[in-house]
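User: I'd like the reasoning behind the labels on this model, with the cut-offs spelled out. Where do we start?

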Amino acid sequence: MKKTLILIAITMISFGCSKPEKKGFENFITKEGYKLMDGDKEYRFISMNIPNLNYIEDELSFSTNNPYRYPDEFEIRDAFETVKQMGGKVIRIYTLPVKREDEPDNPTFITGPGEFVEEAFAVNDLMLKIANEMEIRIIFSLLNNWKWMGGAPQYAAFRGKTFEEFWEDEQLINDFKKTIEYTLNRTNTLTGVKYKDDKSILCWETGNELMSPYSWVKEIAGYIKEIDTNHLLMDGFYAIDNYRYVHKESVEDPNVDILSSHHYEQDPFQQIENIKANLDIIQGKKPYILGELGFESTSAHERVYDYIISNKEIAGTLNWSIRSHRREGGFYWHSEPVGHGLYKAYHWPGFASGHNYDEKGLLELMRNKAYEIDSLTPPELPKPKVPKLLPIENVYEISWQGSVGASGYNIERAEKESGPWKQIAYNISDADVQYTSLYNDKTAELGKSYFYRVEAQNASGKSPKSNVIGPVSVSAKALIDEMGNLMTLYSYKNLTVEKGEDRKFKEDTERIQGEADSEIIYYVPGSIKDINIFAFETSSNTGLELSVSEHGEEFLPISTSVLGENKGEGDYGYWNAKLYKGNHLENKVSFLKIGFKEQVQIGRVLISYQ
């Protein structure tokens with residue numbers, strides 16, 4: 001009998017009959033005085049805003065005229081895993097987008113009073129499902145003050161009214177209440193749980209940076225609490241005139257649970273004073289969150305993080321902001337118009353492309369402080385998960401879906417699927433270029449076929465090898481110039497290397513600018529077949545002319561197609577993106593001349609040759 005019991009015990013251990021690891025949330029977040037509580041434990045955090053978690057505003061590939069689309073599951077999971085790896089517990093989303101009259105074709109969430117897009121809200125369903133799986137809470141902002149993505153101004157426009165009327169007009173308030181009712185009572189199509197019963201939601205936020213009078217806050221807070229008694233409510237008031245001081249009345253309102261403020265002060269000393277002023281108003285009666293924090297040096301961030309950690313009356317802070325990997329490879333990019341012409345949305349774990357704003361240093365600091373606020377030591381970073389190599393049409397256009405926490409990627413090539421495999425590239429960053437292919441296999445030989453695979457790496461080690469793509473026939477090679485300097489050019493005249501104001505140029509961070517009579521000449525060691533020039537112009541004219549030569553002596557003009565509509569200006573002062581194409585050149589030519597007829601910036605040149 002004794003032997004039998006021992007065998008049963010061994011069998012239970014062997015088959016994993018020990019207590020399984022619990023996933024998901026046990027509690028709604030509650031409040032106790034100035035504390036946020038998760039059950040009987042105080043809940044504090046240093047984490048991130050991800051404004052495009054449920055709605056992409058940065059799909060800026062060269063051929064697209066519309067930067068908006070819905071994220072897919074890979075991108076949403078990548079974002080959650082990023083915050084998890086950084087030690088974050090919370091993600092604040094930006095808003096529920098509203099249709100804009102000046103952007104009628106954009107995907108959105110709300111198309112009119114009480115009119116909701118199911119495809120869009122299904123994205124929210126997926127977001128909340130993954131939030132529960134990853135154990136990351138969501139601060140769910142219901143409204144935007146600004147026109148970006150659509151918000152209060154668009155609700156007013158639906159009724160032919162003004163933004164100023166939104167806060168007091170009964171019809172407009174009722175229109176917004178329809179959105180509240182629909183959202184809170186929505187049953188998640190993936191989990192079967194109503195949003196108002198979903199524990200992954202830390203709190204509802206009345207909105208983002210709202211210029212809302214207290215009378216509006218009082219009515220909306222009361223309405224939300226009528227529908228949902230499970231979740232806390234945060235006042236999204238943004239007092240620009242009083243420099244981010246919270247509503248004094250909201251401190252006493254029983255339906256408002258959390259106060260917040262946003263901080264982008266030029267003076268870090270003044271920043272601390274503004275935070276103290278809010279604490280003086282709240283007097284420890286309610287939890288207080290720094291809903292947005294950013295655009296300052298790493299040392300200034302460290303000082304405010306230390307202040308937050310030492311001051312128990314501050315529940316947490318959310319840095320502005322971070323972006324995920326992109327399904328087509330690389331990352332999403334977002335320049336910050338008020339970020340002193342310097343800051344961009346961050347990419348984890350930090351890359352050389354973010355050197356000017358110390359991306360690596362700041363993100364490492366944030367991770368350390370995210371654990372310190374809970375008196376914990378950060379664990380070693382995990383090895384990256386396996387990346388996914390994407391289909392390859394040409395050996396000079398290789399891309400992959402990135403791995404969270406990877407600092408670089410190694411690329412391997414073989415002539416047979418079974419090997420032997422040879423490493424052809426080491427520690428390639430997927431944050432060096434924007435919205436284009438990540439790697440050009442310059443050593444491939446014409447006429448051959450290859451198989452490819454990739455692995456991710458960081459300081460903790462390497463991922464497993466990716467899937468294999470191939471055979472890929474080498475029918476052409478390519479010279480690709482990303483315009484980081486002038487050294488890829490054969491010769492040039494009257495050019496400057498341009499950086500900055502990247503949002504105007506589809507986030508292309510390195511460009512070459514020419515004026516009338518400027519000139520570029522490229523040389524390739526073969527016969528040019530196709531030419532692609534990614535250019536930006538302010539006028540509707542054709543600013544470039546192309547000609548070719550066999551030996552670089554006599555240049556003859558070639559027929560060129562120009563693709564792209566005049567979609568400049570907009571919210572960010574976009575330049576017109578135009579793709580110049582010279583295809584299927586039949587004569588043997590090795591030199592390309594690009595002549596400038598007016599001011600043009602070029603972000604990328606791809607010349608394929610045999």
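Analyst: With pairing: two strands pair if DSSP finds at least two bridges between them. The elements themselves are DSSP runs numbered from the N terminus, with helices being H or I over at least four residues and strands being E over at least two. This is a predicted model, where local features need pLDDT of at least 70 and side-chain atom pairs count only at pLDDT 80 or more, while totals for chains, interfaces and linings use all residues. Residues are numbered from 1 along each chain as its sequence is written, and side-chain values use heavy atoms, leaving out hydrogens and water.

User: What makes β9 and β10 a pair?

Analyst: The bridge count. Strand β9 (residues 201-205) shares 3 bridges with β10, in the parallel sense. The rule asks for at least two, so the label holds. For a concrete spot, E205 has M234 in β10 as its bridge partner.

User: Which sheet does β10 belong to, and why does it count as an edge?

Analyst: It's in an open sheet of 8 strands, paired in parallel, with the order β10-β9-β8-β5-β4-β13-β12-β11. β10 (232-234) and β11 (259-263) each have a single partner strand, so one side of each has no neighbour in the sheet. Neighbouring strands here are turned by 25° on average, direction ignored.

User: How do you know that β1 and β2 are paired, and what sits in the turn?

Analyst: Between β1 and β2 there are 4 bridges, running antiparallel, and T30 stands opposite M37 in β2. The two strands form a hairpin with 2 residues between them, and G33 in that turn has a positive phi of about 65°. They belong to an open antiparallel sheet of 3 strands ordered β1-β2-β3. Its edges are β1 (29-32) and β3 (41-42), each pairing on one side only.

User: How many bridges join β2 to β3?

Analyst: 2 bridges join strand β2 (residues 35-38) to β3, antiparallel again. The rule says at least two, so this still counts as a pair. M37 turns up here too: E42 is its bridge partner in β3.

User: On to helices. Why is α9 described as roughly parallel to α10?

Analyst: Helix α9 (residues 298-310) and helix α10 (residues 359-372) pack at about 10°, with their axes 10 Å apart. The "roughly parallel" label follows because the scheme counts angles under 35 degrees as roughly parallel, over 145 as roughly antiparallel, 65 to 115 as roughly perpendicular and the rest as oblique. Contact between them (heavy atoms within 4.5 Å) takes in T298, H301, E302, Y305, D306 and I309 of α9, against G361, L362, L365, M366, K369 and E372 of α10. By class that's 5 nonpolar, 3 polar and 4 charged residues. Nonpolar means Ala, Val, Leu, Ile, Met, Phe, Trp, Tyr, Cys and Pro, charged means Asp, Glu, Lys and Arg, and the others, Gly among them, are polar.

User: What makes a space a cavity and not a pocket?

Analyst: Work on a 1 Å grid over the protein atoms alone: in a cavity a 1.4 Å probe fits but cannot get out, while a pocket is an open set with protein on both sides within 12 Å along at least five of seven lines, and lining residues have an atom within 4 Å of a point. There are 3 cavities of 30 Å³ or more, and the largest has about 60 Å³. Y55, Y68, V98, K99, R100, E103, N106, P107, T108 and M149 line that one, which gives 5 nonpolar, 2 polar and 3 charged.

User: And which strands feed the largest pocket?

Analyst: The largest pocket has about 840 Å³. Of its 36 lining residues, E397, T436, S437, F534 and R604 are closest to the centre. β24 (528-537) and β30 (600-609) are the elements giving two or more residues to the lining, and β24 gives the most, with 4. The lining splits into 13 nonpolar, 12 polar and 11 charged residues.

User: Where are the cis peptide bonds?

Analyst: One joins G419 and P420, with omega about 5°, and P420 lies in the loop between β16 (408-414) and β17 (422-428). Another joins G470 and P471, with omega about 0°, and P471 is in strand β20 (residues 469-473).

Note on methods. Grid points are joined across faces, edges and corners, and a volume is the space filled by probe spheres set on the points. Axes are lines fitted to C-alpha atoms, for helices over the stretch in contact, and angles run from 0 to 180 degrees between N-to-C directions.
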